[in-house]
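Let's take a walk through this one together, beginning with an open space, moving on to the greasy interior, and finishing with some charged pairs. Have the viewer ready and turn things around as you read.

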Amino acid sequence: MKITLKDGTVNEYASPMTAAEITKEISMGLYRNACSCKINGKVKDLRTVVDSDCTFEVLTFDDEDGKKTFNHTASHIMAQAVKRLYPDVKLTIGPAIDNGFYYDFDVAEPFTPEDLQKIEKEMKAIVKENLQIERFELAPADAIKLMEDKGEPYKIELINEHADKGEAISFYKQGEFTELCAGPHLMDMKVVKAFKLTNCTGAYWRGDAKNKMLCRVYGTAFPKASMLEDYLQMLEEAKKRDHRKIGKELELFTIMEEGPGFPFFLPKGMVLKNTLVDYWREIHKAAGYLEIQTPIILNRSLWERSGHWYHYKENMYTTVIDDEDYAIKPMNCPGGMLVYKSKMHSYKDLPLRMGELGIVHRHELSGALHGLMRVRNFTQDDAHIFMTRDQIKDEIKGVVKLIDSVYSTFGFEYHIELSTQPEDSMGSKEDWDIATDALRDAITELGYDYEVNEGDGAFYGPKLDFHLTDCLGRTWQCGTIQLDFQLPERFELEYVGADGSKHRPIMIHRVVFGSIERFIGILTEHFAGAFPTWLAPVQVKLLPIADRHFDYLNEVKTALEAKGVRCEIDDRSEKIGFKIRSAQLEKVPYMILAGDKDIENNSISVRSRKNGDEGATTVEEFTERILSEISSKSL
């Protein structure tokens, strides 16, 4: 059999071998760091037997899927520790997630911080034992019997869901602990040298509020103690930068019990949001986009036609109007289709780029809600590009360049993922291949590296996702470009070609910010609330040293506002030191102070967030300086 490695090298083997044995053949050093592997693009356990030609890639902790394998094994170690300490606890599920893992337990009383310390201690003891991790399979009936003997009702429920398929059920065993699990897992547990249980929350079984509330324990694990220490320091810094905390302190937004998941933007938050919207309109107008607006509520037949009623209904809010089913839009695409269909188009109209700042609503589980990062309504900076087949590559390139310019404006680095055809997709394989190749070729020609995310495309087409990296090294998926052959077909979109006959356009769905609300949350944490001057809700705080200086600074304020600078004056009868400290806590970019000497010299004293006291200058010089900083969108 021929094994094709990631670098294109082909190794030949005369007989079947396990993935672990193949990895050892490649390099013992690589094997010592290996967590799992990819066989023909699918993540597999190193225990997997390879018996035919395939592509083969070894995954270490440096790879996202390798890291998940590592954390998945840590979740089993935690579950084993819990069962040792609390034998009556019932097990449910314990997956790896971004930056760690969690496990949901059915417990009589939720775990306390003291309990988590005990569990951590027992986990260390288990790792020290270095129990062998074994995988085995059972027929469904035998698997149910095993879980009945162990008194695990949730596992029995999971097995029953697959029992009718007649497929063998996979288990992993380490010492006395046996877990229903598809894997993959590490070859042994001694490499799990550093871990931390970070917090404990409630979570409904299967995310359904009708089910029992479980106790979810979160944790993270690393192969080195120094890596864990760095991660925990990052978490501490992230707490300080939490956009929910800063948003409250800076009076940007709030979320009230009357509307969980539905953010309220306060006046200063609206200044920030509108500044982003103005920037969006500016760059899209320059790039040849036409702005449209579509209704928030549209009837069921539209959503059936788009496919959302069948593929996305669980995330949609629905209502009945005049005895007919309607849905609040979870996305803007179908409305954009109707706008295109409102008139006949010629090939001379294409590419047609239409943008929309559309408010969308999606049903998110209450446990998933998180400030502005995960909400139930948000403003999606959508755009749809309708084009001919020979325009596809150039339009993709144009969107990539637009996204790059935006992220560069905010100082973000990013990486790109290409997501391919999922199992529940619409359309022919031929169309999917054409669409996927077009995305791949466009970014390759632009010189971008990318990762392939197999099977994670939208149900109507492949996509490019842009993951930006903030100052703490965290990644956020924001921009996306989705190439769609399906919706133009379903909506029977047409244009008249140069030959005088009707043709079907191709379309791109794309966002840059993704969600303006979420992007504000990301910016708030990235800048720790100290927004660049052009974004800051208040750009200048004017501080009279005494009440008699108020009128002078009020004139300065009027002059700055006439030039479009956002100002506030602190007219409180407080000492100047107190006012300066207040402005610093508000993270205002500039403070202007004035006393008797400033009035006498017709000058102002400037303090900046960056440099502190900068001394005296004229209003004209300061105005020129700040306007230059705002217009250049300096960081």
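Start with the second largest pocket, which holds about 480 Å³ of space. Keep in mind that you're looking at a predicted model. Around this pocket you'll find 19 lining residues, and the ones nearest its centre are Arg-32, Asn-33, Ala-34, Val-191 and Pro-223. Two elements give two or more residues to the lining: α2 (28–33) and β4 (34–39). Of the elements, α2 gives the most, with three residues. What is the mix of classes in the lining? There are eleven nonpolar residues, six charged ones and two polar ones.

Now let's head for the nonpolar interior. The largest nonpolar core has 76 residues, and Ile-396, Tyr-407, Phe-410, Leu-483, Phe-519 and Val-540 have the most contacts inside it. Helix α13, covering residues 392–409, is the top contributor to this core, with eight residues. Pick out Leu-483 and see who's around: leaving aside residues up to four places away in sequence, Leu-483 touches a whole crowd, including Met-387, Ile-392, Ile-396, Leu-439, Tyr-460 and Ile-508. Apart from the largest core there's another one, of 41 residues, with Cys-35, Tyr-103, Leu-116 and Met-234 among them.

On to the charges. Side chains of opposite charge can pair when their charged atoms come close. The count here comes to 45 salt bridges. One of them joins Glu-161 and Arg-206, whose closest N and O atoms are 2.3 Å apart. Glu-161 sits in helix α6 (residues 153–163) while Arg-206 is in the loop between β14 (194–204) and β15 (213–222), so this pair ties together parts that are 45 residues apart in sequence. How open are the two partners? Glu-161 is partly exposed at 37% relative accessible area, and Arg-206 is partly exposed too, at 42%.

Lys-245 and Glu-249 make a more local pair, four residues apart in helix α8 (residues 243–249), so about one helical turn separates them. Their side chains meet in a salt bridge at 3.2 Å, N to O. Lys-245 counts as partly exposed at 40% relative accessibility, and Glu-249 is partly exposed at 47%.

Next, look for Glu-494 and Lys-502, which form a salt bridge with their closest N and O atoms 3.8 Å apart. Glu-494 is partly exposed at 28% relative accessibility, whereas Lys-502 is exposed at 53%.

Last stop: which residues join Arg-84 in a network of salt bridges? They are Glu-122, Glu-129 and Glu-176.

How values were computed
Residues are numbered from 1 along each chain as its sequence is written. This is a predicted model: local features need pLDDT of at least 70, side-chain atom pairs count only at pLDDT 80 or more; totals for chains, interfaces and linings use all residues. Side-chain values use heavy atoms; hydrogens and water are left out. On a 1 Å grid over the protein atoms alone, a cavity is a set of points where a 1.4 Å probe fits but cannot get out, and a pocket is an open set with protein on both sides within 12 Å along at least five of seven lines; lining residues have an atom within 4 Å of a point. Grid points are joined across faces, edges and corners, and a volume is the space filled by probe spheres set on the points. Ala, Val, Leu, Ile, Met, Phe, Trp, Tyr, Cys and Pro count as nonpolar, Asp, Glu, Lys and Arg as charged, and the others, Gly among them, as polar. A nonpolar core is a set of buried Ala, Val, Leu, Ile, Met, Phe, Trp, Tyr and Cys residues joined through side-chain atoms within 4.5 Å. Buried means under 20% relative accessible area, exposed over 50%, partly exposed in between (1.4 Å probe, protein chains only). Contact means heavy atoms within 4.5 Å. A salt bridge is a side-chain nitrogen of Lys or Arg within 4 Å of a carboxyl oxygen of Asp or Glu.
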